[in-house]
Each structure stands twice: as C-alpha cells, then as structure tokens.
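Biologist: I've got a chain to look at and plenty of labels I'd like explained. Can you put it up and let me quiz you?

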Amino acid sequence: MSEGAYQRLWDASHVTLQELLDKEQPLLEPVPERERQSFQYKLSSLYLYYLGLLRRLDKVYDQMVQPQKRRLLRRLLDGVAGRVLELKDELVRADLCECHCLDKALQELKLTPADLEVPIPKYFLLEQSITLKERQLVLMEILARIEPMSIEESSPELSRTEAIILVQRAERARQGRLRAKFMQQIRKEEERDQKIREEGRCSFSQNQAAVNIQKMWRGCLQRKRTQQDRRLEMEFIGMLPSPNEVEHPGVISQACLVEDIRRLRQTEKEEEFQLALSRAHTSLIETEGPDIKEKMKEQIRQWFIECHSLTGRFPDYPDEAMGGSYLIFADKTPEQVRMELELQVQESKKKDQEKNKESENEIKEKKKKKKGKEDKTKKGETDTMLKMMPSKFIPVINAGHEEYIKVWRNRHESAHPSQTFDLETLREENRKQVEVEIRIQVDELMRQELKNLRLAVDREEGRPLKAPKKKSGKKMGKKKEKDLTPNRTLDSLFEELVICGLLKKNETVALKDYVGSPDIHSMAPLIRSILLVGPSGIGKKMLVKAVCTETGANLFDLSPSNLQDKYPGKTGVQMMVHMVFKVARLLQPSVIWIGNAEKNFYKKVPKEERAMDPKRIKKDLIKALRQLGPGDRVMLIGTTARPQLAEMNGLCRTYERILLLPRPDYASRYVLWKHMIETQGVQVTKSLDISALAKVSDGYTPGCILQATQSVLTERRLLQLPKRPLVASEFLGHLAKLEPVYKEEEESLKDWYFRTPMGKKRMKLNKDQFEAEEARKAKEKRKRK
C-alpha cells in the first residue's frame, strides 16, 4: 500500500471514531435492571467496533512515515487500546462473567469470529526490539556457562570400545538399507521386462492401435477435467485450500519486505525531524524569544495593577509547582482575570448562606429515610441501575480527534510529498515549548519585581502562594516497600535469578498458535493477577508463553516445585520474592508464573509434599502484589488443574481474575486437528477425514491431540506420504492410549468456579433472570384466562 492508501485508511478510521464517540454518551445514562440484555448488547457492539478501530489504527501507525502524523496516531492508538480494556472491564461487570457470548452482536454487525481477536499493537515489540535482543544475549551467556556443567553431570562419557561398537552398528544398518534398496530396484526392472515380453506377443493393426491410444488419451483428459472441477467445487465451499493459500508464503515474505523498508524510512524521517526540531527551537529562542519575554512581563505587570486597583493590595504570585504565571493567564485576558476576582468576592459571601442551607438539607434527608415500602422499593431499583463508568481515555481520544480535524483532515499531501514533516506545524508546536521555558525565567524575574513593589508601595514582605498541603490522616496509603538489596546491581540480581532457575528463557509461542504501553497501563483498569483454571493439557502454560512472546515480557517461575531447596528460611523467602518483583519491575514488562497455584493455598499439605513446603511464599507473595501500582507492567499468572484443594478465600484474594478454560468443542477440535497436522508439513487431502477425528476426540484436550499427531507423523511416515496418503484411522490407536477429560472432572471444576465471588454473582443473576421469566409467563397465562 502507498502512503495515500494509509492516509485514506486513517481518514476512514476517524469517520468511524466520530460515530463511536456519539454512541458513548447514551451509555452513561442509568439503565434499569430489566434492560440488562439491551445494555449488554450495546456494550458488546461498542467493544467490537473499538476492536476493529484498534486494528486499523495499528496498521496505519505501523506503516505511516510522516513523523508528525505518527505522533498523533500513537496517542490515538494508546487511547483506543485503553478504551478497549475499559469496555472489557465493563462487559465483565455487566455479564458477571469473564467470558462473553458475542454471537448476536457479531451476526447483526455482519462480522466474523476473527474480528473478536484482540490485536496486539506491533510497536509493543518493535520499539523494544534492541533491548530484548540485548537481554536475550545476556541470558544466553549465563545459560551457556551453566549448561556445560549440567551436561557433564547428566551424561557420562562412553569408553573407546563402546563408541566403536556403536559406530559399527550404525554402519551395518546403513549398508543393509542400501542393499535392500538396490535389490528392490533390480526386482522392479525384472518385473517390467517380463511385462514387456508378455505384451509383445499380442499384435494389433495400425487402426486398432490408434483407437486404443485415443481411448487412453481421452480417458486421461476427462479424468483430469473431472478432478479439476471437483477440486474447484471443494475450494468454493471451503473444504480444500485454494492454490493462492498454498503459494502465499512467497507473497507474504514480499509484503513483509515492503513493510520493513517502510519502517527503515520511518527511522530516517524521524532523525531528520529531530534535527529540524532542534534547529527550530534554537531559531525561535533567538528571533522570537525577546519579544515573548517582554510581552509576558507586560501582561504580568498589568495583572499586578488590576489586582491592586480592585483589592487595594498586590496579589500573591503562584508557586512554580502550581504552574507559575501560566496558572494566571491560561487562555485568559486581564479583563477575564478581573472578572474572576470579582466572582471570588461574591462566592465568599455565598458560603455563609450555603452553610445555613446544609442544616436544612440534613433535616430533609432524615425525613426521606423514614418513608414507606414504596420508597424502599424505588430505592432498591435505583441501586440496581446499570451504568457505564466514566472513561479516562475518552478525553484523550477526543483531543486527538479534534487535533486531526483541525490540522490534518484538510491538509493536502502535496504540502509534504516526500513524507518529511510540515515546518509550519513544527514551529507552532515548538513555540509552545519555548514559551514554557521563557515563562520559567520570567516568573523568577517577576517574583523579585513583585517583592520590590510591595516594599515600595505597601511596605510588606512577599508572601509566596504555596501549593496546598495534603491533609494528614491515619490512612496514609500503602507503605513503600523496603529495598532488601540496596547495594546490588540489576545485572547481579538478574544473573542470580537465572542461575537459581527463577528467571527462565521463554519458548517462542505466537498467540495465533493458541487456537504494553506504559501510558495504557497507567490509566487502564488495574489487574495485577490472573488464575487460569482447567484440566491438564488444556493449554494453560502455552497461553502464558504466548503472552510473554507477544508482549516481549520476561518469564519468572515461582512454582512450588521450582522453589524446593532454594532460599531456605523465612528471611530467604523474603529475599527471593523481593528480588523477583524488583527485577520484574525494573525489566518490565514481566510475567511471574506459578504452576500448580493451588499448592500455595493448600487446605492440608499432603505428606509427600511437606518437604517442599509449598505454602512458604504465601504471605510474602500477597505483600509484594499489593506494592504493584497502575504504572507497573507486571502480571502474576497462576495455573491450576485442581483448585478444589486450595482455600477459596486466600486464592480469590490473591488472584483478581479467574478464567475457567473448558475442554474444546467440535469446532475447536476440528481447527486443532487441521492446524496441528498442517504444522507438521502435511497438506490435508480428501483421504483424511478431519471431521471424523474431531468427533471421536470429544473429551480430549489440545495436549492429547498434539501428542497423537506427533506420534503418528514421524519422519519415516512423512517420507511415505507420496505413496501412502494419511488416513484418520492411524490416529485412533495413539489417541486411545491417552487419558481424556471425563465429564465428572469438568463438572467438578464448574462447581468450584460457581463458588468463587464472580461465580456466585453469576448464579444469583441467572436465578433472578429465571424468576423474572417465570413471573412474566405466569402473568401472560393469567391474562389469557
């Protein structure tokens, strides 16, 4: 795509954005409980629209070259991403469930299930690619020093005689395979010669031979046409991949090359922009700086005079922490400042009247509380009103949208055809920075001038206006964590955690194989911990690895089995947890993973696991989690297959979100079989019935399907595919050896989930909806009678 195409995509995105901003306002109004489904549908539609907008803005930001447009796009992209997170949180509060059924919204908006996938902005990894590579190199160096020692301990050396015997066996096997292959070729040649001799005995006339050849040729052509028509029909209904899909790797690689070239151009244009920025800054200070300084001084002196004529004394000069003189003249003229001063005098007179009214209001409120049952029911209805919370990202999105309309919507591309930058806009933005720098200097001079005026006119000393102090109270917020390693460097802590096995190298797993930004995290709903619950083999650990891969996060392992015999004692546990969370914050984004998370909260520790002491990090873990703030991109992810063994209160207090991963349904199993077979390099043909495999594998997890696929598609079997196509029956024997997830186990996990706080709310909601539906049916039945 050309730059103009991305510009048009950006323009279209802002049309959609304007429509979404118009839809936001009605959702802020309270909705009664009986209209919950309508409220959920509106939320779902808004969520899907914002997902599509996020996908488009990410594409435009990734490929747009012009640096000034990229800055605005980045603010919009972060704002929309934060809004997606907010709407997801709203859906959880409305549905009282972590998983949502958006089929109705998808159908009515004419979207596909692929539109439900949450896109991960590409800049998450691209902007920190250098840091990630350096970190990986350090990790590889540390692991390289450790691995030779472990290899020497685990694998003893073979003696010379044993090595010779091993080589001889391999050589004899190689010669035997070659001899068998040679004899097979000889046998085939003998059979072919014998067949030729037998066919030579039959004699045909010239016409008969020509007719036979024509029959064979016409039959061959017709079979080819029939196969081609059949294949086209199967491709049309989606049962076979099209040739374009088979040949698409070359096209994709070419498209990726074009995208990489555009990213290189982005870097070049950014360097040019930074150079022009510094030059414009210097030029503005030299040419316009003196005039700006004199103008500010005159405005402030005029303010001194106006205030003195109104109040009879000179005003207090705002402190630098409050913004200095910018607080006075923030888009205001001296006349407006005078009006504000007059209003302040009037407001002080009104305060006394308001105090008298407060006592009357208290009396009225007491009377309201003593009303009858009708008022109580009305109050109960208002308590259950559904309402969307005010957004922190809508003002950011609005500001970006207005800037686009004001600056870029009607800006013709001929103004900057080489995609460098717009000099006029650059100077305007730089002028604001220059004014801020000059204002700081002017404030220092005018504070001294105000002090001299007071001494000369009023003969009073300066009274600087200080920022209001925060009220001291008992609740001082969370205490700052004491640093237990003040003299340790980050490199030494990093190396120690790697050597102890607490910081691990993450396996590369793309999220698509599982069939942030600091600004977003500082404003988005704070979620510090998630618990993934599901049967063994469902893909919980794979999902953790995919999160680390897609976000470039470090992976810390605090699983009970990994902590055995490490950092013993109470102080050792404190030091270990402190080091992990300290390094995780310094090298964020980070994921702290706890496998078998139920063991940290055992109701009763089994005898065979008492030596492990799995509950020893429980208290320190909870304390460390409380220290995580909105700006910390650190996530605790726990995985468990047996949550019933843990204390419910402790587990739910530690993990803010609990996600129940069910076993795959028919559609998911169909996609899993097809994806895993194609991943092994096998092209799915009509001889392989994927639908039958999806039906017979009901109850099996993705891990079981992967094991069966790997057991069947060995290297030898892959070599035999041209002669012996793959069939579904080959997988059944290997699948039968694996243990499925029985219905009782799945029901047990569901029962446990509905005892969690979120599960109880969901059960109550279902009960209320059922009772309301029964009451409605009974009412209709009485009307009919």
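Biologist: How much area does the chain expose, and what share of it do carbon and sulfur atoms supply?

Modeller: About 50800 Å² is exposed, with carbon and sulfur atoms supplying 55% of it. That comes from the Shrake-Rupley method with a 1.4 Å probe; for residues, only the protein chains shown count as cover. Before we go on: this is a predicted model, where local features need pLDDT of at least 70 and side-chain atom pairs count only at pLDDT 80 or more, while totals for chains, interfaces and linings use all residues. Residues are numbered from 1 along each chain as its sequence is written, and side-chain values use heavy atoms, leaving out hydrogens and water.

Biologist: What makes Tyr753 buried or exposed?

Modeller: Its relative accessible area is 9%. Buried means under 20%, exposed over 50%, and partly exposed in between (1.4 Å probe, protein chains only), so Tyr753 counts as buried. Phe754 has 32%, so that residue is partly exposed. Across the 785 residues of the chain, 35% count as buried.

Biologist: Why is the pair of Trp10 and Tyr404 called tilted?

Modeller: Rings of Phe, Tyr and Trp (its six-membered ring) pair if their centres lie within 6.5 Å; planes under 30 degrees apart are stacked, over 60 edge-to-face, the rest tilted. A search of the whole structure turns up five aromatic pairs. In this one the centres are 5.1 Å apart and the planes meet at 55°, so it's a tilted pair. Trp10 is in helix H1 (residues 3-27) and Tyr404 in helix H14 (residues 394-408), so the pair ties together parts 394 residues apart in sequence. Helices here are DSSP runs (H or I, at least four residues), as are strands (E, at least two), numbered from the N terminus.

Biologist: And what makes Tyr753 and Phe754 edge-to-face?

Modeller: Their centres are 5.8 Å apart, with 70° between the planes, so the pair falls in the edge-to-face class.

Biologist: How do you know that the charged end of Arg70 sits over the ring of Tyr61?

Modeller: The call needs NZ of Lys or CZ of Arg within 6 Å of the ring centre and within 35 degrees of the ring normal. Arg70 is 4.3 Å from the centre of the Tyr61 ring, so the distance passes. Arg74 also lies over the face of Tyr123, at 3.8 Å from the ring centre.

Biologist: Why do strand S2 and strand S5 count as joined?

Modeller: Two strands pair if DSSP finds at least two bridges between them. S2 (residues 529-533) and S5 (residues 634-640) have five and run parallel, so they pair. One partnership is Ile530 with Ile637.
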